[in-house]
Amino acid sequence: MSTVTSSCSLLPQFCTNDIPSSSASKPYRFSANPRICRIRCQSTSTDEKRNKSRNALDNVSNLLTNFLSGGSIGNMPVAEGAVSDLFGKPLFFSLYDWFIEHGSVYKLAFGPKAFVVVSDPIVARYILRENAFPYDKGVLADILEPIMGKGLIPADLETWKQRRRVIAPGFHTLYLEAMVQMFANCSERTISKLENLLEAKDEIELDLEAEFSNLALDIIGLGVFNYDFGSVTKESPVIKAVYGTLFEAEHRSTFYIPYWKFPLARWLVPRQRKFANNLKIINDCLDGLIKNAKDTRQETHVEKLQQRDYKNLKDASLLRFLVDMRGVDVDDRQLRDDLMTMLIAGHETTTAVLTWAVYLLAQNVYG
Ligand code: HEM
């Protein structure tokens, strides 16, 4: 049984069992026929039983969590994890095991932290929409604040209300229509890349998550701040910095000691130094784009902004909209936080959805 290469916690649990392929250790496979793609999903162990035995550290960790978080919550099942479950494989795999064991809402006890893990869409809607205000973002805001500042996700309620009112009108019909066209153009680049690879060889192997990740990055860059990362076809320091930052954000979300808050960590710990450098590269890039947008500002009312000819505009981005909006003199730092939030929030999520979609389609084809 092979192991999964992805570090993304939202990715599917791939299975080779029902997919005919002679090379079980290789991730994805396309045939030379341009219309038919044979996709083989890389597997992680679905059969292998999770090692249930816990060591002293796990027991201390679970005791500590229960003590600090007040034990059980009503009838909610408690998944007491083995600390080792958090390392060496995407968190999703352990979450999935516990989901099978405990159902769609359970409390996860880990070290000083306790989480309630929700996989039920009705419960998620209740928490996120119908009854959102009693909940705060907890540890997520803590982790994301150094990256997103006061962007919509980690923002305090006052900032959130104010920025949400300003940003939401940016997602109007003409913008969305223009974006769909841009999605198609970017997807064409990915398709051409795959077709070129297929022309050179009978069969190719691809990490589709990486391909979708590049596609999503190109799309979010163009849609939000009219910047073409071009990551489907090239590498650049900015692209590397984005991936480095995402990687660190994910690592922080699964690591239960907030090591990034230790004094001097930024200067002493190499990975923190790298993270700070990456953040600087992205921030410099965003600052440049904001400056450029402000230098070419054409201030007007929201209604007029929403009527622009988005399909033919050179710059149809959300940044352009936010900068041009009359009566909203937002400071550069807030704008940067807003853009960074969209960049991070809109990238890995869509990558995971696309990867899942292909996985499920592949199951259907071969099932
Ligand atoms: C299928 C892909 C996506 C999924 C599954 C997803 C999921 C979510 C979820 C669950 C939240 C709520 C987080 C919370 O309140 O704690 C959220 C919020 C948010 N997402 Fe997404 N998202 C996706 C795509 C995007 C894209 C493409 C963008 C950017 C254009 C984006 C930007 C945001 C922002 C700004 C928020 C905060 C909204 C607010 O609090 O007002 N997301 N997303």
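What span should the 14 residues of helix 13 have at 1.5 Å a residue, and how far apart are its end C-alpha atoms? The expected span is 20 Å and the end C-alpha atoms lie 20 Å apart, which agrees. Keep in mind throughout the tour that this is a predicted model.

**The whole chain**

Begin with the protein as a whole, in which 14 helices and three strands can be picked out. Of its 367 residues, 28% count as buried, and among contacts between residues at least 6 apart in sequence, 73% join residues at least 24 apart.

**Helix 13**

Next select residues 332–345, which form helix 13, and colour them by burial. This helix is mostly covered, with ten of its 14 residues buried; the buried residues run through Leu335, Arg336, Asp337, Asp338, Leu339, Met340, Thr341, Met342, Leu343 and Ile344.

**Helix 10 against helix 13**

Now add residues 270–295, helix 10, which packs with helix 13 at an angle of about 115°, the two axes being 10 Å apart. Viewed as a pair, helix 10 passes helix 13 in a right-handed crossing. To see the contact itself, show the side chains of Ile282, Asn283, Leu286, Asp287 and Ile290 in helix 10, which meet Asp332, Leu335, Arg336, Leu339 and Met340 in helix 13. The residues of this contact divide into six nonpolar, one polar and three charged. Among the helix 13 residues of the contact are Leu335, Arg336, Leu339 and Met340, and these four are also listed as buried.

**The ligand**

Move from there to the ligand and select the residues that surround it: Leu128, Lys137, Leu152, Ile153, Arg164, Thr341, Met342, Ala345, Gly346, Thr349, Thr350 and Val353. The elements that give two or more residues to this shell are helix 13 and helix 14, the latter covering 348–366. By class, the shell divides into six nonpolar, four polar and two charged residues. Thr341 and Met342 belong to the shell and are buried in helix 13.

**Pro146 and Leu279**

Finish at Pro146, whose place is in helix 4, residues 138–148. Is Pro146 buried or partly exposed? Pro146 counts as partly exposed because it has 18 C-beta neighbours inside 10 Å, whereas a buried residue would need 20 or more. Select Leu279 together with Pro146 and draw the C-alpha to C-alpha distance: the two residues are 133 apart in sequence and 9.3 Å apart in space.

Conventions
Residues numbered from 1 in each chain as written. Predicted model: local features only at pLDDT ≥ 70, side-chain atom pairs only at ≥ 80, totals over all residues. Axes fitted to C-alpha atoms, helices over the stretch in contact; angles between N-to-C directions. Left-handed = near helix turned anticlockwise from the far one by under 90°. Contact = placed C-beta atoms within 7 Å. Nonpolar A, V, L, I, M, F, W, Y, C, P; charged D, E, K, R; others polar. Near = placed C-beta within 6 Å. Buried ≥ 20, exposed ≤ 12 C-beta atoms within 10 Å, placed from the backbone. Expected span 1.5 Å × (residues − 1).
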